[in-house]
Amino acid sequence: MTAPLLTAADPLPFLPERVLIAGVTGSGKTTLARRIAELWRLDHHEIDALYHGPNWTPRPEFLDDVHTFAATGRWVTEWQYTSKGTDEIMTPRAQLAIWLDYPFPVVRARLIRRTLARSILRTQMYNGNVEKPLRKLLATRDPAENILAWQTQTRGFWADRMPEKRAQFPHLTIVRLAHPRETERWLRAQREHESR
């Protein structure tokens with residue numbers, strides 16, 4: 001039997017120890033993963049940092065690293081790279097998925113702000129990588145080279161795939177959060193539950 005799809009108003013049926021965060025690029029998966037890691041004392045494994053080596057090249061150890069952390073007891077990570085094999089490793093072990101299903105204008109504005117800030121400040125992310133300069137970002141519409149084009153191309157990924165994922169992983173409890181305000185309300189409810 002497939003676990004129900006929960007909303008921000010629904011209480012969690014258990015305290016999860018292994019959590020996936022789904023959402024389109026720019027929805028705030030990593031930020032939420034960090035907050036959940038702190039709230040529930042879980043280890044956060046940023047999956048982009050495991051995937052990207054220097055100069056944005058894929059790390060050959062990526063799936064080995066995913067196997068290693070997925071085998072442990074307490075973690076949270078972003079639900080990404082499913083086409084690279086992560087679904088077969090992480091998802092059977094996960095207990096909870098949080099789906100950030102925000103309106104596209106919200107995630108678009110978030111991604112533009114984040115990309116501009118990282119590009120202008122040359123913010124170092126992981127393994128020495130920095131966002132492309134704005135002139136390079138604006139010079140192409142290739143989704144492999146332009147994160148805004150990538151977001152546009154993949155904006156419907158989770159809405160299209162979630163029914164399939166729920167059928168494939170019926171054990172997985174999924175919470176769908178439809179707006180950042182819902183996410184904040186849901187987090188407050190989790191903190192209140194923790195403090196009892």
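**Charges over rings.** I began with R155, which in this predicted model lies over the face of F104, at 3.9 Å from the ring centre. I then looked up R176 and found that its charged end sits over the ring of W99, 5.8 Å from the centre of that ring.

**Aromatic pairs.** How many aromatic pairs does the structure hold? I noted eight of them. For W40 and W186 I found ring centres 6.0 Å apart and planes at 80°, so I entered the pair as edge-to-face. This pair links distant parts of the chain, since W40 belongs to helix 1 and W186 to helix 9, with the two positions 146 residues apart. Are W40 and W186 buried or exposed? I recorded both as buried. F157 and W158 also form an edge-to-face pair, for which I wrote down 5.0 Å from centre to centre and 85° between the planes. The burial of these two I checked separately: F157, at 24% relative accessibility, counts as partly exposed, whereas W158, at 7%, counts as buried. I also noted a cluster in which ring pairs link Y51, F62 and Y81.

**The sheet.** Next I followed the strands and found six of them forming an open sheet in the order 1-6-5-2-4-3, with parallel pairing. Which are the edge strands? They are strand 1 (5-6) and strand 3 (43-44), each of which pairs on one side only. Inside that order I looked at strand 2 (residues 18-23) and strand 5 (residues 96-100), which run parallel and are joined by five bridges. In strand 2 I picked out V19, which stands opposite L96 in strand 5.

**Nonpolar cores.** V19 came up again when I turned to the largest nonpolar core, which has 24 residues; V19, I21, I36, W40, V76, I98 and W186 are those with the most contacts inside it. The elements that give two or more residues to this core are strand 2, helix 1 (29-40), strand 5, helix 5, strand 6 (173-177) and helix 9 (180-195). Helix 1 gives the most, with six residues. I then listed what W186 touches, leaving aside its neighbours within four places in sequence, and found T7, A8, L12, I36, W40, I98, V175 and L177. Apart from this core I found another, of 22 residues, with L50, V66, W79 and M162 among them. I set a general remark beside these entries: in soluble globular proteins, nonpolar side chains tend to be buried together.

**A buried asparagine in a loop.** Where is N129 placed? I found N129 in the loop between helix 5 (104-121) and helix 6 (134-138). Why does N129 count as buried? Its relative accessibility is 2%, and the cut-off for buried is under 20%. A polar atom of the N129 side chain lies 2.9 Å from the backbone nitrogen of N55. Leaving aside neighbours within four places in sequence, I recorded contacts of N129 with H52, G53, P54, N55, W56, T123 and Q124.

**Helix 7.** Last, I went to the start of helix 7, where a side-chain oxygen of N146 reaches to within 2.8 Å of the backbone nitrogen of L148. Which residues of helix 7 (residues 147-154) are buried? I entered I147, L148, A149, Q151 and T154 as buried.

Conventions:
Residues numbered from 1 in each chain as written. Predicted model: local features only at pLDDT ≥ 70, side-chain atom pairs only at ≥ 80, totals over all residues. Heavy atoms only, no water. Helix = DSSP H or I, 4+ residues; strand = E, 2+ residues; numbered from the N terminus. Buried < 20%, exposed > 50% of the residue type's maximum accessible area, 1.4 Å probe, protein only. Polar contact = N/O pair within 3.5 Å; in protein donor to acceptor, adjacent residues only side chain to side chain. Contact = heavy atoms within 4.5 Å. Pairing = 2+ DSSP bridges. Core = buried A, V, L, I, M, F, W, Y, C linked by side-chain atoms within 4.5 Å. Phe/Tyr/Trp six-rings, centres within 6.5 Å; stacked < 30°, edge-to-face > 60°. Lys NZ or Arg CZ within 6 Å of the ring centre and 35° of its normal.
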